[in-house]
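Subject: A structure to look at, with notes

Dear colleague,

I am handing over a structure that I would like you to look through, and my notes on what was found in it follow below. Please keep the display open beside this email while you read.

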Amino acid sequence: VTATGPALVAGTKYVITAWHDGANLNISVNNGAPTQAAFVTATAGTATFTIGKANASATEYWGDRIYGMVYRKNDTSNAGQRSSLYSYMVGKMGGL
């Protein structure tokens, strides 16, 4: 699945929010308008889920800070709840 969003600049803090609504994979940068890509069905497999490193790579590590990660299984949050989570993450980062 490929979704194109705003260009990111090295050295800049971002809050990236991603969610699946049953039909689309959505991504929002800094609580902006979401970018969507059609993605109806995800199939559970045997691959691992990693944050800060490319799967199946021994050397492709993220080279900057990750301030926090929130995972919500079977999430059905609305825009207001995602906005609250954005504010929480900005607070953890000490602002943007």
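Is valine 70 buried, partly exposed or exposed? Before the answer, please bear in mind that this is a predicted model. With a relative accessible area of 39%, valine 70 is partly exposed, because that class lies between the 20% under which a residue is buried and the 50% over which a residue is exposed. Valine 70 sits in the loop between E3 and H1, and if residues up to four places away in sequence are not counted, valine 70 touches Leu85 and Met89. Measuring from C-alpha to C-alpha is also useful here: valine 70 and lysine 92 are 12 Å apart in space, while 22 residues separate them in sequence.

The chain as a whole

It may help to step back to the overall layout, in which the protein chain has one helix and three strands, arranged in the order β-β-β-α when read from the N terminus. The C-alpha trace spans about 35 × 35 × 25 Å along its principal axes. Of the 96 residues in the protein chain, 18% are buried. If you take the contacts between residues at least 6 apart in sequence, 33% of them join residues at least 24 apart.

The helix

Helix H1 covers residues 79-93, and with its 15 residues H1 reaches 21 Å from its first C-alpha to its last, which is close to the 21 Å expected at 1.5 Å a residue. Which residues of H1 are buried? They are Arg82, Tyr86, Met89, Val90 and Met93, and seen down the axis of H1 these buried residues fall within an arc of 100°, so they line one face of the helix. As general background, an α-helix has 3.6 residues a turn, so residues three or four places apart point the same way. The buried residues of H1 pack against E1.

Two buried residues in contact with Arg82

Threonine 17 lies in strand E1 and counts as buried, because its relative accessibility of 15% is under the 20% cut-off. Beyond its neighbours within four places in sequence, threonine 17 is in contact with Asn26, Ile27, Ser28 and Arg82, the last of which is among the buried residues of H1. The C-alpha atoms of threonine 17 and asparagine 78 are separated by 12 Å, although the two residues are 61 residues apart along the chain.

Serine 77, for its part, is placed in the loop between strand E3 (35-38) and H1, and serine 77 is also buried, with a relative accessible area of 12%. Once its neighbours within four places in sequence are left aside, serine 77 is in contact with Arg72 and Arg82.

Two asparagines with positive phi

Asparagine 30 is found in the loop between E2 and E3, and asparagine 31 has its place in the loop between E2 and E3 as well. Phi is near 55° for asparagine 30 and near 65° for asparagine 31, and each is a positive value in a residue other than glycine. For comparison, most residues other than glycine have a negative phi. Asparagine 30 is partly exposed, with a relative accessible area of 27%, and asparagine 31 is partly exposed too, at 34%.

The largest pocket

How many residues line the largest pocket? There are 47 of them, and those nearest its centre are Ile16, Ala18, Phe49, Ile51 and Met69. The elements that give two or more residues to this lining are strand E1 (16-20), strand E2 (24-29) and helix H1. About 2,200 Å³ of space lies in the largest pocket, and its lining, sorted by class, has 26 nonpolar, 13 polar and eight charged residues.

With best wishes

Terms used
Residues numbered from 1 in each chain as written. Predicted model: local features only at pLDDT ≥ 70, side-chain atom pairs only at ≥ 80, totals over all residues. Heavy atoms only, no water. 1 Å grid on protein atoms, 1.4 Å probe; cavity = no way out; pocket = protein on both sides within 12 Å on 5 of 7 lines; lining within 4 Å. Points joined across faces, edges and corners; volume = space filled by probe spheres on them. Helix = DSSP H or I, 4+ residues; strand = E, 2+ residues; numbered from the N terminus. Nonpolar A, V, L, I, M, F, W, Y, C, P; charged D, E, K, R; others polar. Buried < 20%, exposed > 50% of the residue type's maximum accessible area, 1.4 Å probe, protein only. Contact = heavy atoms within 4.5 Å. Expected span 1.5 Å × (residues − 1). Arc of directions from axis to C-beta.
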